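Me: Please take a close look at one helix in this structure. I want to know how it sits against the rest of the chain.

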Amino acid sequence: MSFATIYPLYVAKVERKGRSRAEVDQVVTWLTGYDDAGLARAVADEVSLEAFFARAPAMNPNASLVTGVICGVRVEEIEDPLMQRIRWMDKLVDEVARGKKMSSILRGEAPAA
């Protein structure tokens, strides 16, 4: 599956709940280290999720603090590194959609202005 396929689904999910694309971008960039231009390129180039994470400039060292259940599976117990990264991203987007505070979603880091 490509990042270009999943990204608009994330955006639609949060927008249905009154949140914004910018908030999706913020959590994805927090997790992966991509900047806005890098995200746009990943969408335009239709890179696979595997390539998206392999090319991530800098996975956040606090990503392991993303815990909880996605699709009935605890994200901290997923053994496959790629699947765990995908589920971390899913969990962050879910938290945005549920209306959590950005400081909580970003695991205590102050949101960028």
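Reply: Take helix 1 in this predicted model. The buried residues of helix 1 are covered by partners that include helix 2 (21-32), helix 3, helix 4 and helix 5 (81-97).

Which residues of helix 1 are buried? They are Phe3, Ala4, Ile6, Tyr7, Tyr10, Val11 and Val14. Viewed down the axis of helix 1, these buried residues fall within an arc of 165 degrees, so they line one face of the helix. Leu9 and Arg16 sit on the other side of helix 1, and both are exposed.

Now the length. Helix 1 covers residues 3-16, which makes 14 residues. From first C-alpha to last, helix 1 reaches 20 Å. That is close to the 20 Å expected at 1.5 Å a residue.

Next, the end of the helix. Gly18 comes just after helix 1 and takes a positive phi of about 85 degrees.

Positive phi also turns up elsewhere. Most residues other than glycine have a negative phi. Glu46 is not a glycine, yet its phi is positive, about 50 degrees. Glu46 lies in the loop between helix 3 (36-44) and helix 4 (49-54). Helix 3 and helix 4 are among the elements that cover the buried residues of helix 1. Glu46 counts as exposed because its relative accessibility is 56%, and exposed means over 50%.

Cys71 is another residue other than glycine with a positive phi, near 55 degrees. Cys71 is in the loop between strand 1 (69-70) and strand 2 (73-74). At 65% relative accessibility, Cys71 also counts as exposed.

Notes
Residues are numbered from 1 along each chain as its sequence is written. This is a predicted model: local features need pLDDT of at least 70, side-chain atom pairs count only at pLDDT 80 or more; totals for chains, interfaces and linings use all residues. Side-chain values use heavy atoms; hydrogens and water are left out. Helices (H or I, at least four residues) and strands (E, at least two) are DSSP runs, numbered from the N terminus. Buried means under 20% relative accessible area, exposed over 50%, partly exposed in between (1.4 Å probe, protein chains only). The expected span of a helix is 1.5 Å times one less than its number of residues. The arc is that of the directions from the helix axis to the C-beta atoms. Contact means heavy atoms within 4.5 Å.
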